[in-house]
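This report covers selected local features of one chain and its ligand. The coordinates are those of a predicted model.

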Amino acid sequence: MIESQRLASTAVSQVLAGRNLNQVLQSLLPRHSLLTPQQRAAAQDMSYGTLRFYGQLRSILDLLLQKPIQDAAVRSLLLVALYQLQYSRSAEHAVVDHAVRAAETLKKPWAKGLVNAVLRNFLRQRISLLEQAAASEEGRYSHPQWWIEKLRRQYPDDWATQLEINNQHPPMTLRVNARVTSTEIYLDLLHQQGIEGQQVGENAILLDQPVSVDKLPGFGEGVSSVQDAGAQFAARLLDVADGMRVLDACAAPGGKAAHLLELARIELTALDSDPERLKKIEQTLQRLKLEAHCLTGNAARPDEWWDGKPFQRILADVPCSASGVVRRHPDIKWLRREVDITAFAAQQAEILDALWRVLGSGGKLLYATCSVFAEENQQQIAQFLVRHEDAQCLPLSLPAMKDGQLTPNLQHDGFFYALLLKA
Ligand SMILES: C[S@@+](CC[C@H](N)C(=O)[O-])C[C@H]1O[C@@H](n2cnc3c(N)ncnc32)[C@H](O)[C@@H]1O
């Protein structure tokens, strides 16, 4: 456990210094090649869990300390150990003992005693500390205060439910490749392997328990993919048909692009501004035996990549706050600042305006975000409609949506969709 705990502490410390958790783990894990798969999984769980409950754990740590700790390594080690004590099944004495030994290796003579005292005090005063931490909203909901307030303003009825859902483990959902088999047949195949789930969309199967993809029948051969049920609405809403010229303007890592290709024999251009992420689309399409024209380029600058032939359909799955998918990326809660939402909205408007120019008359553009904030969603589209008289927003006939908004729940993540028709 000690190695996993140390790795998680380093990861948490780097995220709190401003780095993205996925990238941090991708760079740290290969450097710990002696870890067993179980130790790696434990390190990931501790990193994700500590950040999921960082608001609460930080409040508890502040209550336990006479003055704040400036040392990032010791502070992160304490946060990870508090997470383990409160949320994991590890034996308490082992968590404390390993954290004290990990503190010794930090070569800071004062750290060992402090770590020991803080963790033992937590165990002695746990109930009262949990109650005191819950007195502040950040401590209670483990989200930044500006986020809590924005959600409360925009979702007066279910803001607290959303915050609670955001702190749960995300569900694992599969997309069955409609070109290869039916959802019913694949459910049966899963059942034969002892994997249970239920159909929650035309091609979507929500698994009872997450499993490693190499246990999924035919995964390597492209029979299924992992994709949230909310994300699976995109390809259906865009209403593609064989022979259409389609642009996926922010395509990486390629989940929605692949779904579009599974649904119809379209001529797809998959664009993304990040060449590294673009490689992931190529890998995904190779596994699924699908083809697209993959391009590196800025969606807001069509002059740099467009061949002048209008598209009949465009998917604009724009960069956003990702506030609808924090279950999967708990670091987002602590990395985003309120001003970022305005910056995202400005970037999204620029991309939308540019893409409108490359859409043919009578064509449809599906605007998509994985955000729950109105500035990036309903307000963005209302302003777009004012700027573009030739645009009409079509009604979406999905029962789970309100004004195009899906909020995170037990079956899917938070997404927003708006389908725009060009006169
Ligand atoms: C929400 S993700 C897209 C997810 C993807 N549609 C899928 O389903 O797998 C947004 C993507 O937009 C890309 N991006 C950001 N700014 C861009 C721009 N100006 N032009 C094109 N792509 C951009 C990012 O690199 C990122 O891959």
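On helix H17, the face turned away from the buried side carries the exposed residues Gln-379, Ala-382 and Val-386. The buried residues of H17, a helix that spans residues 378-387, are Gln-380, Ile-381 and Phe-384. These three cover an arc of only 90° around the axis, which means that they lie on the same side of H17. An α-helix has 3.6 residues a turn, so residues three or four places apart point the same way. The cover over the buried residues of H17 includes one helix, H16 (338-358), and the strands S9 (359-369), S10 (391-394) and S12 (415-422).

The next topic is a sheet and the helix on it. Four strands make up this open sheet, in the order S2-S3-S1-S4, and their pairing is antiparallel. S2 and S4 are the edge strands, each pairing on one side only. From one strand to the next, the twist averages 30°. Helix H11 packs on the sheet and touches S1, S2, S3 and S4. The direction of H11 makes about 175° with that of S2.

The elements concerned have these residue ranges:

| Element | Residues |
|---|---|
| Strand S1 | 173-176 |
| Helix H11 | 183-192 |
| Strand S2 | 197-199 |
| Strand S3 | 204-207 |
| Strand S4 | 224-226 |

S2 and S3 run antiparallel and are joined by three bridges. Opposite Gly-197 stands Leu-207 in S3.

Ser-182 sits in the loop between S1 and H11. Is Ser-182 buried or exposed? Ser-182 has 12 other C-beta atoms within 10 Å, and a residue counts as exposed if that number is 12 or fewer, so Ser-182 is exposed. Ser-182 and Glu-202 are 20 residues apart in sequence, while their C-alpha atoms are 9.1 Å apart in space.

The last topic is the ligand. There are 19 residues around the ligand, and those that come nearest are Cys-250, Gly-255, Lys-256, Ala-299 and Asp-317. By type, the residues of the shell around the ligand divide into 10 nonpolar, four polar and five charged. Helix H13 (255-263) supplies at least two residues of this shell, and so does strand S6 (267-272).

Technical notes
Residues are numbered from 1 along each chain as its sequence is written. This is a predicted model: local features need pLDDT of at least 70, side-chain atom pairs count only at pLDDT 80 or more; totals for chains, interfaces and linings use all residues. A residue is near a molecule or strand if its C-beta atom, placed from the backbone, lies within 6 Å of it. Ala, Val, Leu, Ile, Met, Phe, Trp, Tyr, Cys and Pro count as nonpolar, Asp, Glu, Lys and Arg as charged, and the others, Gly among them, as polar. A residue is buried if 20 or more other C-beta atoms lie within 10 Å of its own, exposed if 12 or fewer, and partly exposed in between; C-beta atoms are placed from the backbone. The arc is that of the directions from the helix axis to the C-beta atoms. Two residues are in contact if their C-beta atoms, placed from the backbone, lie within 7 Å. Two strands pair if DSSP finds at least two bridges between them. Axes are lines fitted to C-alpha atoms, for helices over the stretch in contact, and angles run from 0 to 180 degrees between N-to-C directions.
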